[in-house]
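Here's a quick tour of a protein model, written for someone who likes to see how the pieces fit together. Have a look at the sequence and the coordinates before reading on.

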Amino acid sequence: MVDLINLQAFRPYGGGQGARISATTASLRAAIPGLEGGQQSPESRVVVSNSGFVSVYVQFGNSEVTATAASYEILAGDKELLTPPDTGTQSTYMAAITASGETTVNVCSAPGS
């Protein structure tokens with residue numbers, strides 16, 4: 001059985017501007033475009049995709065967030081629709097790390113379901 005994500009209601013902020021992280025075994029973070037002032041509304045969502053060949057572990061938070069191998073795993077080649085945490089008025093960041101190797105993880109925010 002294949003799980004499909006319905007992105008029909010996903011309307012990217014800024015015309016689809018996103019962030020890209022070249023994830024390695026060291027945690028790296030990037031601010032999520034569209035969430036510079038924190039979560040805009042309870043309907044804020046992010047699509048996170050892993051375009052590489054190894055799993056990536058992601059964690060959302062403020063400018064000091066770090067990811068570990070205990071963070072949310074996104075398998076190689078997968079795409080997930082997630083709800084970011086409420087960071088108040090602080091920018092929302094995503095951190096990413098791999099257990100081995102490297103991969104590219106992309107994140108784009110929008111209101112949607």
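## Starting from one residue pair

Which residue of strand 5 stands opposite Y57? That would be E73. One thing to keep in mind as you go: this is a predicted model.

Y57 has a partner in another strand too, as I97 in strand 7 stands opposite this tyrosine. Y57 is a handy spot to begin, then, with E73 of strand 5 across from it as well as I97 of strand 7.

## The overall picture

Let's zoom out. The protein has eight strands and zero helices, so if you read the elements from the N terminus you get β-β-β-β-β-β-β-β. Of its 113 residues, 43% are buried.

The contacts reach a long way along the chain: take those between residues at least 6 apart in sequence, and 81% of them join residues at least 24 apart. As for the surface, about 6100 Å² is accessible, and carbon and sulfur atoms account for 49% of that.

## The four-stranded sheet

Four strands form an open sheet in the order 2-7-4-5, and the pairing is antiparallel. Strand 2 and strand 5 (72-74) sit at the edges, each pairing on one side only. From one strand to the next, the twist averages 30 degrees.

Now for the pairings themselves. Strand 2 (residues 28-31) runs antiparallel to strand 7 over four bridges, with R29 standing opposite A95. Strand 7 is also joined to strand 4 (residues 56-61), by five bridges and again antiparallel. Strand 4 then meets strand 5 through three bridges, antiparallel once more.

## Strand 7 and its side chains

How many of the residues in strand 7 are buried? Five of five, so the strand is mostly covered. Side chains in a regular strand alternate between the two faces of the sheet. Here Y93, A95 and I97 point one way, while M94 and A96 point the other way, and all of them are buried.

## The loop leading in

Just one more stop: the loop between strand 6 (79-82) and strand 7 (93-97), where T87 lies. Is T87 buried or exposed? Its relative accessibility is 14%, and because the cut-off for buried is under 20%, T87 counts as buried. The side chain of T87 also makes a polar contact of 3.0 Å with the side chain of T92.

Technical notes: Residues are numbered from 1 along each chain as its sequence is written. This is a predicted model: local features need pLDDT of at least 70, side-chain atom pairs count only at pLDDT 80 or more; totals for chains, interfaces and linings use all residues. Side-chain values use heavy atoms; hydrogens and water are left out. Helices (H or I, at least four residues) and strands (E, at least two) are DSSP runs, numbered from the N terminus. Buried means under 20% relative accessible area, exposed over 50%, partly exposed in between (1.4 Å probe, protein chains only). A polar contact is a pair of N or O atoms within 3.5 Å; within protein, one must be able to donate a hydrogen and the other to accept it, and residues adjacent in sequence count only if both atoms are side-chain atoms. Two strands pair if DSSP finds at least two bridges between them. Contact means heavy atoms within 4.5 Å. Accessible areas come from the Shrake-Rupley method with a 1.4 Å probe; for residues, only the protein chains shown count as cover. Axes are lines fitted to C-alpha atoms, for helices over the stretch in contact, and angles run from 0 to 180 degrees between N-to-C directions.
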